[in-house]
Structures are given as structure tokens and as C-alpha cells.
Amino acid sequence: MSPLLKVEAPRAWFGPGRLVRNAAVVADSGVVTYAGPSATAPLGDEVIEIDGFLMPGVADRHVHIRLADPGAVLLGGVTAVRDLAWVPHEIFALADASELPSYTGPLIRAAGPMLTGPGGYPTKAGWAPRGTGRELSGPEDARAAVTELAGLGAAAIKVSLNSDAGPTPSDAELAAIVGTAHGSGLPVTAHVQGVGQAERAVGAGVDEFAHTPWSERLSDLLLQAAARTMRVVSTLDILSFGNVTPELRTACDNLVRFRAAGGQVVYGTDLGNGSVPPGIHVREALLLHEAIRMTREEVLTAMTAATLAPGTPADLIVLGGDPLERIEALGDLRLVVRGGKLVASGA
Ligand SMILES: [Zn+2]
């Protein structure tokens, strides 16, 4: 039997609507067995009492983990990531390794390469090693590529609809990608860049924008259609890195109206791109709160993949302050637990 880890904190947020005072979480073999008031918690073999705000570990839905330090990502409070474009043999091996208790980074799920047109993005991009883009040669090839990636364990299929940087998949290829992915139970996420590409994604039945669309102001009608079937991965800060740019303004305008139409937004940073820090990116969370006008609890919900409850992964963090009062508290990490194992405790 592995030792039971028990973490006690004066304030905890287990998930939407689940704020608990004097809380405890108990983990056994990487899984939560108890999350509730500490008064009624079972005993633990190893007990950590910490003065802070306990919440689930953060999930970053858009990273390029090979361009970052996985250890620093986990130490920074991010316990799970989704890699949205890398060389398949490298990234799927790393995703497999990340499931082992010996791995010192976050849990990694991966899309593999972006499916793109001949010479299309990201085949000529400076950040992308050979194989990060998979160039398609027709609908049959598109079907084969998706089937191959599904067999390798892809968590999603990524398609490159970047008309600013080169050819994109044809409409027939795009239809083949979406149809085959959905037949395999996989969502399709799209890098959308260039006028008209967001409309293509919506029309083709793509499930997710891998970035908030920033190339053009989208119509309310298109955003309403997108809100019914798609979600958006935020990645707002990469459009400005702390400044205000026309791209950021356009993206925020689109995202506010997407949310007003009922659309779902999840947190993602595009880690590996520019100066995005490893771990929790407080500025991305601040943008969601201040520019997109999400409540602090909505921001925490967008930043986490699972609630803390019996049966969920024992991935949690403790902060020095309360992010439901002040988002900046997300930058004040005191404890990180992944898979029921203490990764870091400080301050
Ligand atoms: Zn990216």
C-alpha cells in the first residue's frame, strides 16, 4: 500500500460552487479518496497542514512542451498540459512517459503534428522542427493521417488553417479530417489565422479554436454558430505580451461576444511561444478576468480540468492568497501535488 497523503488548508475550492472552509483532501495511489471538511476527513499517513488556498492543479490546453522545461511547468502549478503540435514520435513517447510516477513534469496529452497544406504552416516556421506539420496530399491522405494519429494515442487532431503563412488543407481534406476524427471519437482543434478561416472552421464542424481568433472581427452570427458547437482556448497574452495591440483588441472583442453567445472558454497559453513563463501564467488569467470580464470563479473553472472529488486525479496546488478575491494570488504558489505525490512546497 502506498502512504495516504492528506493536505489540510483553511480555505479550498474543489470546483465550481464548491468552496470549503477548513478543508482536507486525502489521496491514495494518485487518486483523491476524500475532499471535504477536515473535521470528517479520514486519517493520513503523511499530513501537510498549510495556511493557504487549496484548489485543483492547473491544466494548460495549449502548449509546446518540447520548447519548455516540463519540470518548471509542474513546479509552477500546472499539473496537466495538452501539446498542440510537435513531431509525433517524440511527443507521443513523452506523453506515455508522463503517465509514470517517475516523471517529473505535468501529465502530457498530445495532438501530434498539425495537418496542413503542401508547404503550409508550420512547415516553414522557425520554432517547428521537421515533422511538426504533416502536409496532406488529398482527402484519402487526410483520412489516413487522422487514423494513424488516433492509433498513436492523439488526444485531439490539430488542423492548420493559416492562410497568412501558406496553403491550407482543401475543403475536401478538411471534411475528411473532421469526419474521420469524429468517427474515432477525437475532437478537431484549429489554428485559425487569416481572413475567412474562422468561418471555414465553423462550417467544417471543427470543435475548437486553438487560439482566440484575432485576424478579423467576426460577425455576431458566426460567433453564435461557433458558440453552439465549439470552444475557444484563450492564448490571449501571446498577442501582446503585456502590451495592448490591435490583435489583442480584436481577439478580446471576439471572445467577449463568443461568451455572450454562450460559448465555452478554456485557459491555454501557447507555452513555448515567446516569453510565456513555465507554470501558471498570471497575466493570461488576468486578461480573462479584466478584458473578457469572466468572474474569478469562471477563470478558475477555465484553468482546471477536473474538480477535486473522490475518484479524480490527486493533482492540487495551494496558494498563499485567495484568487477568488485577487487573481494575482495565482502567482503565489505554496504547494504542488501531482498524482498524490508532493512535488514542491515552498514559501
Ligand atoms: Zn501553439
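Which residues are the protein donors of the zinc ion? The views below start there, and the model throughout is a predicted one.

**View 1. The zinc ion and its protein donors.** Three residues do the job here: His62 and His64, each through NE2, and Asp270 through OD. If you're setting up a metal-site check, the distances from these donors to the zinc ion run from 2.0 to 2.2 Å. Along the chain, the donor spacing reads H-x1-H-x205-D. His62 has a relative accessible area of 0%, so it counts as buried. His64 comes in at 4% relative accessibility, and with the cut-off for buried set at under 20%, it is therefore buried too.

**View 2. Thr235 and its neighbours.** Thr235 sits in the loop that links β14 (231–233) to α7 (246–260). Is Thr235 buried or exposed? With a relative accessible area of just 1%, it falls in the buried class. Leaving aside residues up to four places away in sequence, Thr235 touches two of the zinc donors from the first view, His62 and Asp270. The rest of its contact list is Ala210, His211, Thr212, Gly268, Thr269 and Glu284.

**View 3. Helix α8 and what it packs against.** Glu284, one of the residues touched by Thr235, turns up again here as a buried residue of α8. Its buried companions in that helix are Val282, Ala285, Leu286, Leu287 and Leu288. What do the buried residues of α8 pack against? Their partners are α7, β15 (264–266) and α9.

**View 4. The α8 and α9 pair.** Two numbers describe how a pair of packed helices sits: the angle between the axes and the distance between them. For α8 (residues 282–290) and α9 (residues 296–303), the angle is about 135° and the axes are 9 Å apart. That angle makes α8 oblique to α9. The crossing of the two helices is right-handed. On the α8 side, the contact is made by Ala285, Leu288 and His289, while α9 brings Arg296, Val299 and Met303. Sorted by type, the contact residues come out as four nonpolar, one polar and one charged.

**View 5. Glu140 on helix α3.** For the last close-up, look at Glu140, which belongs to helix α3 (residues 139–152). Its relative accessible area is 55%, so Glu140 is exposed. Glu173 lies 33 residues away from Glu140 along the chain, and the C-alpha atoms of the two are separated by 7.9 Å.

Conventions. Residues numbered from 1 in each chain as written. Predicted model: local features only at pLDDT ≥ 70, side-chain atom pairs only at ≥ 80, totals over all residues. Heavy atoms only, no water. Axes fitted to C-alpha atoms, helices over the stretch in contact; angles between N-to-C directions. Helix = DSSP H or I, 4+ residues; strand = E, 2+ residues; numbered from the N terminus. Parallel < 35°, antiparallel > 145°, perpendicular 65-115°, else oblique. Left-handed = near helix turned anticlockwise from the far one by under 90°. Contact = heavy atoms within 4.5 Å. Nonpolar A, V, L, I, M, F, W, Y, C, P; charged D, E, K, R; others polar. Donors = N, O, S within 2.8 Å, 3.2 Å for Na, K, Ca; no water. Buried < 20%, exposed > 50% of the residue type's maximum accessible area, 1.4 Å probe, protein only.
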